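The following exercises are intended for a reader meeting this structure for the first time. Please study the sequence and the model before reading each solution.

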Amino acid sequence: MRAIINGERFVLGTCYYPEHWEQSLWEEDLDRMLRTGIEVIRIAEFAWNLIEPREGEYTYEFFDRFLELAHKKGMKVIFCTPTATPPAWLTENYPEVLNADQDGNLYRHGARRHYNYNSPVYQKFCRTIVEKSASHYGSSPAVIGWQIDNEVNCELNEFYSESDSAAFRQFLMEKYGDIENLNRAWGTIFWNQTYNEWEEIYVPRKTAHYTNNPHHMLDYYRFVSDSARKFVRMQADIIRKYCKNDDFITTNGIFGNLDNHQMTRESLDFMTYDSYPNFAYCLDDYEEKNFLKDRKWSRNLAETRSLSPVFGIMEQQSGANGWTTRMEAPTPRPGQITLWTMQSIAHGADFISYFRWRTCIFGTEMYWHGILDYSGRDNRRLKEIQEISGKLSSMAEIAGARYAAKVGVLKDYDNIWDAQHDHWHQRVDSRSHKSLFTALQMTHTPFDYVYLDEQTTLEELQKYEVLFYPHGVILTDERMGLLESYVSAGGKLVMGCRTGYKDIFGRCVMDHLPGKAAALTGTDIPEYSFVAPDDGKVMADWDGTQIEAAVFNDLLAPTGENAEVLARYTSSYYAGTPALIRNRYGKGEAYYFGGAFALDTAKAFLEKLGAAEPYGSRLVLPETCELAVREKDGWQYLFALNYVSQAVKAELKEDMCELFSKEQMCGEIEMSPYEVKIFKCKRQ
Ligand code: GAL
């Protein structure tokens with residue numbers, strides 16, 4: 001059986017760097033971890049030099065010594081490939097392995113992730129070191145799993161080296177075959193960008209105002225993703241040849257310009273996420289007005305869950321953030337480590353590994369605190385983690401449970417990447433996703449992100465009563481076919497403005513908008529506009545509820561006999577024009593809304609479509625608390641998480657057992673600052 005994420009119990013781990021400490025500390029460290037309830041350590045992700053100190057000289061003497069001790073102590077180990085930090089001898093002798101900025105200046109040795117995925121030289125060195133490590137430790141009894149690289153696409157996720165341009169050309173040749181196809185797809189006739197030869201094409205270079213061709217950019221993001229995935233796949237394939245059957249392969253994420261879904265499917269057993277909610281309290285990130293603060297990390301956890309329904313946290317916050325160059329942050333307050341640990345678990349994590357055991361006493365991250373401070377003495381944070389370990393035993397039955405959601409928010413990589421470069425697209429997209437997430441949080445409505453790609457099935461979509469696809473700007477026939485089947489079988493689908501105006505290359509379509517979504521939504525869009533700044537907020541009236549149609553407005557007209565106008569604009573020159581259309585389609589309903597979703601608008605949709613507060617008849621929480629639900633064997637586990645430094649009141653509408661206290665509770669209850677309670681009840 002797999003050592004972690006096996007549906008049996010929760011497991012705690014920590015990130016350990018034996019190379020940062022005198023060997024005399026190892027044994028005591030391992031003993032103390034075990035006494036704290038930590039059973040797993042992750043090691044070696046930045047330790048290339050200890051394995052290959054000079055080109056071609058391999059030695060496992062250091063890690064053999066350490067692993068022997070770990071095994072003797074009964075400590076389980078996740079061993080990493082060290083490819084995130086190529087050594088100085090390598091970058092010095094083979095500068096072509098380095099990544100470059102858009103001007104072609106190389107990122108030099110001294111930080112991390114300074115390499116590029118496409119250098120044949122780097123690929124060869126990586127293949128060899130992964131092969132050596134996997135064959136050396138593949139059957140090691142201490143090793144339970146493997147982490148590939150570290151945080152793929154973190155720090156830098158754009159690549160501009162010469163190897164990247166060469167690989168990009170190859171990628172494009174395979175995709176388009178003939179350069180004329182590429183010219184058409186990229187609309188290069190515009191501004192005289194036509195290419196005669198593949199050699200004339202580069203990864204996007206500096207242009208006036210960085211206004212690069214948008215179709216070129218979209219393919220570039222696809223290419224970066226492809227390069228990263230292949231790099232991970234290359235390593236995974238090697239490790240699988242040597243590792244034991246129950247050992248797992250993972251990587252820690254999750255980062256941009258990367259199809260994490262395809263990467264997980266083709267290379268990993270499950271995804272792990274690095275969760276640092278304390279970023280919300282760093283001086284440089286602090287958003288006074290955003291009341292969600294550390295609760296925003298639930299959005300990333302929901303993203304991780306879309307990759308692996310039950311996942312791990314490879315790095316969970318256990319101390320203050322801090323690099324010497326940025327991120328000045330307070331230490332977690334009493335209760336916050338527990339809160340953030342439970343936040344991860346509430347969203348589907350069964351393995352939690354704290355970053356890091358001891359705080360490093362040198363280097364860029366010497367202010368990034370781990371569990372222990374510099375001296376290593378016992379402290380409050382260590383005690384809190386020991387208590388967490390006790391709590392995990394009392395909730396072991398939840399391990400393996402699936403997050404339960406009836407609302408889904410649809411996404412896809414084509415639109416994510418298109419919105420990265422295209423500001424018009426980005427503006428509606430970021431506004432709606434932020435509002436939807438906040439509204440779902442405030443109304444205690446558990447939701448999932450659902451990614452649309454070739455693998456998505458109707459069955460997956462049918463788990464949800466309501467799906468939001470806020471701005472499916474790029475639509476394909478396959479995705480529309482799936483959405484039509486979902487609605488026609490009884491689902492409710494909500495689409496927002498700007499749906500369907502682009503094709504897969506990111507070019508505008510000449511169809512009547514919303515293009516491929518016109519039939520499903522019973523909607524026609526004769527005219528559209530950005531919200532004029534001097535119009536202020538454009539509002540619409542939906543049966544007496546005033547909703548904002550933010551950022552951009554499609555002026556709608558119903559088509560066909562099943563389409564009905566639910567709301568009309570009440571401001572600007574288009575007051576009176578339809579702003580929301582509902583089309584009955586088969587057994588279901590498709591809604592087309594002419595704006596981006598403001599917070600109150602998102603709430604209104606959740607309420608009017610009957611999706612808000614699905615557990616309101618059991619548990620009433622204040623807005624400052626999150627509700628997350630995991631479900632297993634006919635039981636539901638309702639996690640109530642209080643994110644604020646004040647005690648708050650909640651109300652149980654029925655008798656439920658609280659798992660930590662084992663008490664039956666009903667009526668008004670109090671939640672202390674940062675407290676988490678878990679209520680067990682029969683599935684409704
Ligand atoms: C993560 C990374 C760790 C450490 C941590 C704190 O991004 O994987 O190695 O750097 O952040 O900065």
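The exercises below concern a predicted model and treat its cavities, one helix and the ligand.

**Exercise 1.** Determine how many cavities of 30 Å³ or more the structure holds, and state the volume of the largest cavity.

*Solution.* Step one is the count: there are two cavities of 30 Å³ or more. Step two is the volume: the largest cavity measures about 70 Å³, while the second largest cavity contains about 30 Å³ of space.

**Exercise 2.** Describe the lining of the largest cavity by residue, by element and by class.

*Solution.* First, list the residues. The lining consists of His-347, Tyr-403, Leu-440, Gln-441, His-444, Thr-445, Pro-446, Phe-447, Glu-626 and Leu-627. Next, identify the elements: helix 14 (423–442) and strand 24 (625–632) each contribute at least two residues to this lining. Finally, sort by class, which gives five nonpolar residues, four polar and one charged.

**Exercise 3.** Find which residues line the second largest cavity, and classify them.

*Solution.* The lining is formed by His-444, Glu-613, Tyr-615, Gly-616, Leu-619, Val-620, Leu-621 and Leu-627. By class, five of these residues are nonpolar, two are polar and one is charged. A comparison of the two lists shows that His-444 and Leu-627 appear in both linings.

**Exercise 4.** Characterise helix 14 by its length, its start and the residue His-444 just after it.

*Solution.* Begin with the length. Helix 14 has 20 residues and spans 28 Å from its first C-alpha to its last, close to the 28 Å expected at 1.5 Å a residue. At the start of the helix, a side-chain oxygen of Asp-422 comes within 2.9 Å of the backbone nitrogen of Trp-424. Just after the helix, His-444 adopts a positive phi of about 55°.

**Exercise 5.** Which residues surround the ligand, and what percentage of the ligand's accessible area does the protein cover?

*Solution.* The first step is to name the shell: Phe-46, Arg-112, Asn-150, Glu-151, Asp-274, Tyr-276, Glu-315, Trp-323, Phe-355, Glu-365 and Trp-368. By class, this shell has five nonpolar, one polar and five charged residues. The second step is to examine distances from oxygen atoms of the ligand to side-chain N or O atoms. The distance is 2.9 Å for Arg-112, 3.0 Å for Trp-323 and 2.2 Å for Glu-365. The last step is coverage: on its own the ligand has 300 Å² of accessible area, of which the protein covers 94%.

Definitions and conventions
Residues numbered from 1 in each chain as written. Predicted model: local features only at pLDDT ≥ 70, side-chain atom pairs only at ≥ 80, totals over all residues. Heavy atoms only, no water. 1 Å grid on protein atoms, 1.4 Å probe; cavity = no way out; pocket = protein on both sides within 12 Å on 5 of 7 lines; lining within 4 Å. Points joined across faces, edges and corners; volume = space filled by probe spheres on them. Helix = DSSP H or I, 4+ residues; strand = E, 2+ residues; numbered from the N terminus. Nonpolar A, V, L, I, M, F, W, Y, C, P; charged D, E, K, R; others polar. Near = heavy atom within 4 Å. Polar contact = N/O pair within 3.5 Å; in protein donor to acceptor, adjacent residues only side chain to side chain. Areas by Shrake-Rupley, 256 points an atom, 1.4 Å probe, with all protein chains shown as cover. Expected span 1.5 Å × (residues − 1).
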